[in-house]
Amino acid sequence: MQRQRVIIRTIGVATAVALAATACGPQKTEPAASASSVSSSPTAGSSPEASPSTDNKPGEASASPSASASPSASASSSASPSPSVKQLMANGDENEQVRELQARLRQLKLMSVAPTGFYGSKTTAAVKSYQSKNGLNATGSVDEATWKKIQAASKKPTADELRPSTVNEVDAPDPRCMQGRVMCISKESRTLAWMIDGKVVSTMDVRFGSENTPTREGVFNVGWKAKEWTSTLYHTPMPYAMFFSGGQAVHFSADFAARGYNGASHGCVNVRDKGKLSALFDQVQVGDKVVVYW
(Lines give C-alpha, C1' and ligand atoms only; values in the text may rest on other atoms or scores of the structure.)
Protein backbone atom coordinates (compact mmCIF):
# COMPACT_ATOMS: atom_id res chain seq x y z
CA MET A 1 0.00 0.00 0.00
CA GLN A 2 2.80 2.40 0.93
CA ARG A 3 4.58 1.62 -2.32
CA GLN A 4 1.35 2.24 -4.25
CA ARG A 5 1.00 5.72 -2.68
CA VAL A 6 4.58 6.63 -3.59
CA ILE A 7 4.02 5.55 -7.19
CA ILE A 8 0.78 7.59 -7.47
CA ARG A 9 2.47 10.65 -5.91
CA THR A 10 5.41 10.32 -8.33
CA ILE A 11 3.09 10.12 -11.34
CA GLY A 12 1.20 13.22 -10.13
CA VAL A 13 4.38 15.26 -9.80
CA ALA A 14 5.61 14.17 -13.24
CA THR A 15 2.27 15.16 -14.77
CA ALA A 16 2.40 18.61 -13.13
CA VAL A 17 5.92 19.20 -14.43
CA ALA A 18 4.89 18.17 -17.95
CA LEU A 19 1.96 20.56 -17.90
CA ALA A 20 4.07 23.40 -16.51
CA ALA A 21 6.44 23.10 -19.45
CA THR A 22 3.74 24.35 -21.80
CA ALA A 23 1.72 26.53 -19.48
CA CYS A 24 2.22 29.89 -21.15
CA GLY A 25 -0.36 31.86 -23.07
CA PRO A 26 -2.02 35.29 -23.15
CA GLN A 27 -4.35 36.09 -20.29
CA LYS A 28 -7.94 37.03 -21.05
CA THR A 29 -7.96 40.20 -19.03
CA GLU A 30 -11.14 41.96 -18.04
CA PRO A 31 -11.26 45.77 -18.31
CA ALA A 32 -11.07 46.15 -14.55
CA ALA A 33 -7.90 44.08 -14.41
CA SER A 34 -6.02 45.95 -17.13
CA ALA A 35 -3.97 47.97 -14.66
CA SER A 36 -2.49 44.89 -13.03
CA SER A 37 -1.93 43.12 -16.33
CA VAL A 38 0.58 45.64 -17.61
CA SER A 39 3.38 43.87 -15.78
CA SER A 40 4.16 42.19 -12.51
CA SER A 41 5.30 45.51 -11.08
CA PRO A 42 2.73 47.34 -8.95
CA THR A 43 4.28 50.63 -10.08
CA ALA A 44 4.53 49.93 -13.80
CA GLY A 45 2.87 52.65 -15.86
CA SER A 46 2.36 54.85 -12.81
CA SER A 47 3.21 57.97 -14.79
CA PRO A 48 3.10 58.98 -18.46
CA GLU A 49 6.90 59.35 -18.58
CA ALA A 50 7.39 55.80 -17.27
CA SER A 51 4.91 54.40 -19.75
CA PRO A 52 6.19 52.73 -22.92
CA SER A 53 3.09 53.84 -24.77
CA THR A 54 3.27 56.18 -27.77
CA ASP A 55 1.01 58.83 -29.26
CA ASN A 56 -1.70 56.45 -30.44
CA LYS A 57 -4.54 57.56 -32.66
CA PRO A 58 -7.93 57.89 -30.93
CA GLY A 59 -9.51 54.46 -30.69
CA GLU A 60 -6.24 52.53 -30.94
CA ALA A 61 -5.10 50.27 -28.10
CA SER A 62 -2.76 52.04 -25.72
CA ALA A 63 -0.76 51.06 -22.63
CA SER A 64 -1.83 54.20 -20.85
CA PRO A 65 -4.91 56.45 -21.02
CA SER A 66 -2.55 59.38 -21.43
CA ALA A 67 -1.26 57.96 -24.69
CA SER A 68 -4.42 58.73 -26.64
CA ALA A 69 -6.03 62.04 -27.38
CA SER A 70 -7.61 63.26 -24.17
CA PRO A 71 -9.99 66.09 -23.23
CA SER A 72 -7.07 68.05 -21.75
CA ALA A 73 -5.10 67.62 -24.97
CA SER A 74 -8.07 68.79 -27.02
CA ALA A 75 -8.38 71.82 -24.77
CA SER A 76 -4.73 72.63 -25.35
CA SER A 77 -5.10 72.48 -29.12
CA SER A 78 -8.28 74.52 -29.12
CA ALA A 79 -6.63 77.29 -27.10
CA SER A 80 -4.69 78.37 -30.17
CA PRO A 81 -3.59 81.94 -30.81
CA SER A 82 -5.31 84.26 -33.26
CA PRO A 83 -5.98 82.99 -36.81
CA SER A 84 -3.15 85.19 -38.08
CA VAL A 85 -0.60 82.77 -36.54
CA LYS A 86 -0.25 79.80 -38.90
CA GLN A 87 -0.07 76.42 -37.21
CA LEU A 88 2.40 74.04 -38.87
CA MET A 89 1.50 71.05 -36.68
CA ALA A 90 -1.24 70.44 -34.13
CA ASN A 91 -3.10 67.72 -32.23
CA GLY A 92 -4.54 65.19 -34.67
CA ASP A 93 -1.98 65.68 -37.45
CA GLU A 94 -0.15 62.69 -38.85
CA ASN A 95 2.85 63.01 -41.18
CA GLU A 96 6.63 62.74 -41.40
CA GLN A 97 7.13 66.29 -40.13
CA VAL A 98 5.40 65.29 -36.89
CA ARG A 99 7.73 62.29 -36.66
CA GLU A 100 10.72 64.64 -36.99
CA LEU A 101 9.24 66.94 -34.35
CA GLN A 102 8.86 64.02 -31.93
CA ALA A 103 12.44 62.87 -32.55
CA ARG A 104 13.76 66.37 -31.85
CA LEU A 105 11.64 66.64 -28.68
CA ARG A 106 13.11 63.31 -27.60
CA GLN A 107 16.61 64.74 -28.09
CA LEU A 108 15.60 67.63 -25.83
CA LYS A 109 14.43 65.13 -23.15
CA LEU A 110 10.84 66.32 -23.46
CA MET A 111 9.51 63.01 -24.79
CA SER A 112 10.52 59.55 -23.61
CA VAL A 113 8.57 57.52 -26.16
CA ALA A 114 9.49 56.66 -29.74
CA PRO A 115 8.26 58.82 -32.64
CA THR A 116 5.01 57.63 -34.22
CA GLY A 117 4.23 60.39 -36.69
CA PHE A 118 0.89 61.02 -34.96
CA TYR A 119 0.44 64.26 -32.99
CA GLY A 120 -1.33 63.16 -29.81
CA SER A 121 -1.55 64.18 -26.18
CA LYS A 122 2.09 63.38 -25.35
CA THR A 123 3.38 65.52 -28.21
CA THR A 124 1.00 68.31 -27.24
CA ALA A 125 2.26 68.24 -23.65
CA ALA A 126 5.91 68.18 -24.77
CA VAL A 127 5.45 71.13 -27.14
CA LYS A 128 3.59 73.08 -24.50
CA SER A 129 6.40 72.44 -22.01
CA TYR A 130 9.01 73.64 -24.51
CA GLN A 131 7.02 76.77 -25.30
CA SER A 132 6.59 77.63 -21.61
CA LYS A 133 10.33 77.30 -20.98
CA ASN A 134 11.31 79.40 -24.00
CA GLY A 135 9.06 82.42 -23.79
CA LEU A 136 6.61 81.26 -26.44
CA ASN A 137 2.84 81.23 -26.40
CA ALA A 138 2.14 77.85 -24.69
CA THR A 139 -0.59 76.52 -27.01
CA GLY A 140 0.69 72.97 -27.45
CA SER A 141 0.58 73.48 -31.23
CA VAL A 142 3.62 74.22 -33.39
CA ASP A 143 3.73 77.52 -35.23
CA GLU A 144 6.67 78.79 -37.30
CA ALA A 145 8.38 80.49 -34.35
CA THR A 146 8.18 77.34 -32.20
CA TRP A 147 9.41 75.10 -35.02
CA LYS A 148 12.43 77.33 -35.76
CA LYS A 149 13.43 77.36 -32.08
CA ILE A 150 13.09 73.58 -31.76
CA GLN A 151 15.16 73.08 -34.92
CA ALA A 152 17.87 75.42 -33.64
CA ALA A 153 18.00 73.66 -30.27
CA SER A 154 18.28 70.14 -31.74
CA LYS A 155 19.98 68.29 -34.60
CA LYS A 156 18.51 66.63 -37.66
CA PRO A 157 17.28 63.18 -36.49
CA THR A 158 18.99 60.08 -37.80
CA ALA A 159 17.04 57.23 -39.39
CA ASP A 160 17.32 55.25 -36.13
CA GLU A 161 16.01 58.21 -34.12
CA LEU A 162 13.02 58.53 -36.44
CA ARG A 163 12.25 54.81 -36.34
CA PRO A 164 14.06 53.26 -33.35
CA SER A 165 14.41 49.50 -33.04
CA THR A 166 12.23 49.42 -29.93
CA VAL A 167 9.37 51.52 -28.65
CA ASN A 168 10.81 51.21 -25.16
CA GLU A 169 14.20 52.70 -24.35
CA VAL A 170 16.62 49.90 -23.46
CA ASP A 171 17.69 49.81 -19.82
CA ALA A 172 21.33 49.65 -18.67
CA PRO A 173 22.37 45.97 -18.69
CA ASP A 174 22.45 44.08 -15.42
CA PRO A 175 26.07 43.27 -14.38
CA ARG A 176 25.20 39.56 -14.76
CA CYS A 177 24.64 40.17 -18.49
CA MET A 178 28.16 41.37 -19.23
CA GLN A 179 29.82 38.03 -19.90
CA GLY A 180 29.03 35.34 -22.43
CA ARG A 181 25.86 34.90 -24.49
CA VAL A 182 22.87 36.36 -22.65
CA MET A 183 19.24 37.27 -23.15
CA CYS A 184 19.23 40.27 -20.81
CA ILE A 185 15.59 41.00 -19.91
CA SER A 186 14.67 44.16 -17.99
CA LYS A 187 11.28 44.39 -16.29
CA GLU A 188 11.93 48.09 -15.66
CA SER A 189 12.23 49.09 -19.33
CA ARG A 190 10.30 46.07 -20.66
CA THR A 191 13.01 45.19 -23.15
CA LEU A 192 15.09 42.18 -24.12
CA ALA A 193 18.70 42.79 -25.17
CA TRP A 194 20.59 39.94 -26.83
CA MET A 195 24.17 40.39 -25.68
CA ILE A 196 27.44 38.65 -26.50
CA ASP A 197 30.47 39.41 -24.30
CA GLY A 198 28.97 42.65 -23.03
CA LYS A 199 27.93 44.02 -26.43
CA VAL A 200 24.28 44.50 -27.44
CA VAL A 201 23.53 42.66 -30.67
CA SER A 202 19.78 43.29 -30.92
CA THR A 203 16.91 44.60 -28.80
CA MET A 204 13.14 44.15 -28.71
CA ASP A 205 10.10 45.08 -26.63
CA VAL A 206 8.73 42.45 -24.25
CA ARG A 207 5.72 41.86 -22.00
CA PHE A 208 5.50 39.84 -18.80
CA GLY A 209 3.01 37.99 -16.63
CA SER A 210 0.47 39.67 -14.39
CA GLU A 211 0.60 39.94 -10.61
CA ASN A 212 -1.19 36.59 -10.36
CA THR A 213 1.21 34.81 -12.73
CA PRO A 214 4.47 36.78 -12.53
CA THR A 215 7.50 36.15 -14.68
CA ARG A 216 10.28 34.77 -12.50
CA GLU A 217 13.35 36.89 -11.87
CA GLY A 218 16.92 35.61 -11.63
CA VAL A 219 19.59 33.88 -13.70
CA PHE A 220 18.53 30.94 -15.85
CA ASN A 221 19.64 29.01 -18.92
CA VAL A 222 17.80 28.09 -22.10
CA GLY A 223 16.72 24.50 -21.47
CA TRP A 224 15.14 23.75 -24.83
CA LYS A 225 13.74 25.45 -27.93
CA ALA A 226 10.76 24.91 -30.24
CA LYS A 227 10.14 26.92 -33.40
CA GLU A 228 6.49 25.85 -33.39
CA TRP A 229 4.83 25.12 -30.06
CA THR A 230 1.32 25.27 -28.60
CA SER A 231 0.50 25.58 -24.92
CA THR A 232 -1.13 22.36 -23.69
CA LEU A 233 -2.94 24.28 -20.93
CA TYR A 234 -4.18 27.33 -22.81
CA HIS A 235 -4.04 25.95 -26.37
CA THR A 236 -2.41 29.13 -27.67
CA PRO A 237 0.47 29.21 -30.18
CA MET A 238 3.95 29.94 -28.81
CA PRO A 239 6.15 30.38 -31.92
CA TYR A 240 9.92 30.61 -31.47
CA ALA A 241 9.71 29.44 -27.85
CA MET A 242 12.91 29.35 -25.82
CA PHE A 243 12.17 27.79 -22.41
CA PHE A 244 14.29 28.99 -19.51
CA SER A 245 12.39 28.26 -16.28
CA GLY A 246 9.90 25.39 -16.16
CA GLY A 247 6.98 26.42 -18.36
CA GLN A 248 8.21 29.99 -18.78
CA ALA A 249 9.72 30.89 -22.13
CA VAL A 250 10.62 33.77 -24.39
CA HIS A 251 8.26 33.51 -27.38
CA PHE A 252 6.33 35.50 -29.98
CA SER A 253 2.84 36.59 -28.94
CA ALA A 254 0.22 37.56 -31.51
CA ASP A 255 -1.84 38.91 -28.61
CA PHE A 256 1.02 41.23 -27.58
CA ALA A 257 1.42 42.36 -31.19
CA ALA A 258 -2.30 43.17 -31.37
CA ARG A 259 -3.07 44.54 -27.88
CA GLY A 260 0.29 45.70 -26.59
CA TYR A 261 0.48 46.27 -22.86
CA ASN A 262 -3.30 46.05 -22.43
CA GLY A 263 -2.77 42.32 -21.92
CA ALA A 264 -0.31 40.04 -20.13
CA SER A 265 1.15 36.55 -20.35
CA HIS A 266 0.77 33.68 -17.89
CA GLY A 267 4.41 34.16 -16.90
CA CYS A 268 6.24 33.96 -20.21
CA VAL A 269 8.28 36.75 -21.77
CA ASN A 270 6.21 37.84 -24.78
CA VAL A 271 7.83 39.43 -27.85
CA ARG A 272 5.73 41.31 -30.41
CA ASP A 273 8.26 41.65 -33.25
CA LYS A 274 8.15 38.26 -34.97
CA GLY A 275 10.92 39.06 -37.44
CA LYS A 276 13.38 40.07 -34.75
CA LEU A 277 12.52 37.09 -32.59
CA SER A 278 12.95 34.73 -35.54
CA ALA A 279 16.49 36.04 -36.04
CA LEU A 280 17.20 35.76 -32.31
CA PHE A 281 15.84 32.21 -32.20
CA ASP A 282 18.40 31.18 -34.83
CA GLN A 283 21.24 32.68 -32.78
CA VAL A 284 20.35 31.50 -29.28
CA GLN A 285 21.67 28.08 -28.30
CA VAL A 286 20.50 25.69 -25.61
CA GLY A 287 22.52 26.53 -22.52
CA ASP A 288 22.76 30.27 -23.19
CA LYS A 289 22.14 32.47 -20.17
CA VAL A 290 18.86 34.28 -19.45
CA VAL A 291 18.81 37.11 -16.90
CA VAL A 292 15.46 38.58 -15.80
CA TYR A 293 15.79 41.59 -13.50
CA TRP A 294 14.36 44.89 -12.32
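An open sheet of nine strands (strands being DSSP runs of E of at least two residues, helices runs of H or I of at least four, both numbered from the N terminus) has the order β6-β11-β3-β4-β5-β10-β9-β8-β7, with mixed pairing. Two strands count as paired if DSSP finds at least two bridges between them. The edges are β6 (218-221) and β7 (224-226), each of which pairs on one side only, and neighbouring strands are turned by 25 degrees against each other on average, direction ignored. This is a predicted model, in which local features need pLDDT of at least 70 and side-chain atom pairs count only at pLDDT 80 or more, whereas totals for chains, interfaces and linings use all residues. Residues are numbered from 1 along each chain as its sequence is written, and side-chain values use heavy atoms, with hydrogens and water left out.

At the β6 edge, four bridges join this strand to β11 (residues 289-293), and the two run antiparallel; G218 has V292 in β11 as its bridge partner.

Helix α8 (residues 274-283) packs on the sheet, touching strands including β3 (181-186), β5 (199-207) and β9 (248-252), and its direction makes about 130 degrees with that of β5. Such angles run from 0 to 180 degrees between N-to-C directions, with axes fitted to C-alpha atoms, for helices over the stretch in contact.

The largest nonpolar core (buried Ala, Val, Leu, Ile, Met, Phe, Trp, Tyr and Cys residues joined through side-chain atoms within 4.5 Å, buried meaning under 20% relative accessible area with a 1.4 Å probe, protein chains only) has 22 residues, of which M183, I185, M242, V250, L277 and L280 touch the most other members. Helix α8 gives the most to this core, with three residues.

Key:
Contact means heavy atoms within 4.5 Å. Buried means under 20% relative accessible area, exposed over 50%, partly exposed in between (1.4 Å probe, protein chains only).
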